[in-house]
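Please look through the sequence and the model shown here before reading on. The paragraphs that follow go from the helical start of the chain to the sheet and then to single residues around it.

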Amino acid sequence: MRLLKKNLMLRITCIVTLLVLVLFVLNAIISSSSIKSHFEDLDDSLYNTTASYTAETVNGWFKGNNEALMAVVAYVNSYKGGDVSGMRGFFSEFLAEHPDVTEIYYGRADNSYVFGSDYEPPEGYEISERDWYKAAKAADGVYFPEPYMDTITQSLCISICCKVSGGVV
C-alpha cells in the first residue's frame with residue numbers, strides 16, 4: 001500500500017508538473033503574440049511619425065527653393081547681355097544668400113553655360129546633352145530630377161530645373 005501511495009504521488013506530481021509546463025508554454029505563446037503585435041504597432045506609429053516629419057521637411061525645402069528658383073528664372077529671362085558669363089555675379093551673390101543651395105547654373109542649347117561657383121566642368125562637357133537638361137526643356141514648369149550623389153561634395157543632392165528663354169536654369 002505504501003508503494004502504491006508513493007507511485008500515485010509520483011504520477012500526480014508528474015501530471016501536475018506537465019500541466020504547469022504546458023500552461024507556461026501556452027502563456028509564452030500568447031504573450032509573445034501579444035507583444036509582437038504591440039511592437040509592430042509601435043513600429044508602424046514611429047514609421048508614420050518619421051515619414052510625416054520628413055515629408056514636411058522636404059515640402060518646406062521644395063517650397064523655399066522653388067521660390068528661389070523662380071527669382072533666378074525671372075533674372076535669366078530678363079537678362080539682356082549676350083554672353084552668359086555676365087550672369088556669374090548674380091549667381092555668386094545668390095549662392096552667398098542661400099546657404100542651402102550648393103550650385104546654380106544656366107545652360108543654353110549651344111552649350112554655353114555659367115556656374116555660380118568656380119566650378120569648371122570637364123573638357124568636352126555638353127550641357128545640352130545631359131538628361132536633366134533635356135527633361136527640363138521638355139517639362140512644363142519646374143522639373144525635379146532624381147536625387148543623386150554629388151561628385152564634388154560626395155553628398156546627396158536634389159536639383160530643381162526650369163526651362164527659361166534660351167536654355168535651362
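Ile 12 has its place in helix α1 (residues 2–78), where helices and strands are DSSP runs (H or I over at least four residues for a helix, E over at least two for a strand), numbered from the N terminus. The model is a predicted one, in which local features need pLDDT of at least 70 and side-chain atom pairs count only at pLDDT 80 or more, while totals for chains, interfaces and linings use all residues. Residues are numbered from 1 along each chain as its sequence is written, and side-chain values use heavy atoms, with hydrogens and water left out.

Because its relative accessibility is 44%, Ile 12 counts as partly exposed; on this scale, buried means under 20% relative accessible area, exposed means over 50%, and partly exposed lies in between (1.4 Å probe, protein chains only). Together with Leu 8, Val 16, Val 20, Leu 21 and Phe 24, Ile 12 forms a nonpolar patch on the surface, with about 560 Å² of accessible area together. Such patches are made of residues with over 30% relative accessible area and no salt bridge, with nonpolar side chains (Val, Leu, Ile, Met, Phe, Trp, Tyr) joined within 5 Å and like charges within 9 Å, and the areas come from the Shrake-Rupley method with a 1.4 Å probe, for which only the protein chains shown count as cover for residues.

Further along the chain, Thr 102 lies in the loop between α2 (88–97) and β1, and its relative accessibility of 59% is why Thr 102 counts as exposed. Thr 102 and Asn 27 are 75 residues apart in sequence, and their C-alpha atoms are 58 Å apart in space.

The sheet comes next. Five strands form an open sheet in the order β2-β1-β7-β6-β3, with antiparallel pairing. β2 (113–115) and β3 (142–143) stand at the edges and have a single partner strand each, so one side of each is left without a neighbour in the sheet. Two strands are taken to pair if DSSP finds at least two bridges between them.

Following the order of the strands, β1 and β2 pair in the antiparallel sense over 3 bridges, and Tyr 106 has Val 114 as its bridge partner in β2. The two strands form a hairpin with 4 residues between them, and Asn 111, in the loop between β1 (105–108) and β2, has a phi near 70°, a positive value in a residue other than glycine. Asn 111 is partly exposed, because its relative accessible area is 22%. Within β1, Tyr 105 and Gly 107 point one way and Tyr 106 and Arg 108 the other way, and all are buried. In a regular strand the side chains alternate between the two faces of the sheet.

On the other side of β1, the pairing with β7 is antiparallel over 2 bridges, and Arg 108 has Gly 167 as its bridge partner in β7. Gly 167 also stands opposite Val 164, for β6 and strand β7 (residues 167–168) pair in the antiparallel sense over 2 bridges. In the hairpin of β6 and β7, which has 2 residues between the strands, Gly 166 takes a positive phi near 85°. Strand β6 (residues 161–164) is in turn joined to β3 by 2 bridges, the two running antiparallel, and Tyr 143 stands opposite Cys 161 in β6.

Which residues does Ala 136 contact, leaving aside its neighbours within four places in sequence? Ala 136, found in helix α3 (residues 131–138), is in contact with Tyr 143, Cys 161, Lys 163 and Val 168, where contact means heavy atoms within 4.5 Å. Ala 136 counts as buried because its relative accessibility is 0%.

Charged side chains complete the tour. A search of the whole structure finds 1 salt bridge, a term that stands for a side-chain nitrogen of Lys or Arg within 4 Å of a carboxyl oxygen of Asp or Glu. The side chains of Lys 134 and Glu 129 meet in a salt bridge at 3.6 Å, N to O; Lys 134 counts as partly exposed because its relative accessibility is 43%, and Glu 129 counts as partly exposed because its value is 47%. Asp 150, found in the loop between β4 (148–149) and β5 (156–157), is buried yet has no salt bridge, and the nearest side chain of opposite charge, Arg 130, is 12 Å away. For this purpose Lys and Arg count as positive and Asp and Glu as negative, while His and the chain ends are not counted. Not counting residues up to four places away in sequence, Asp 150 touches Ser 155 and Cys 157.
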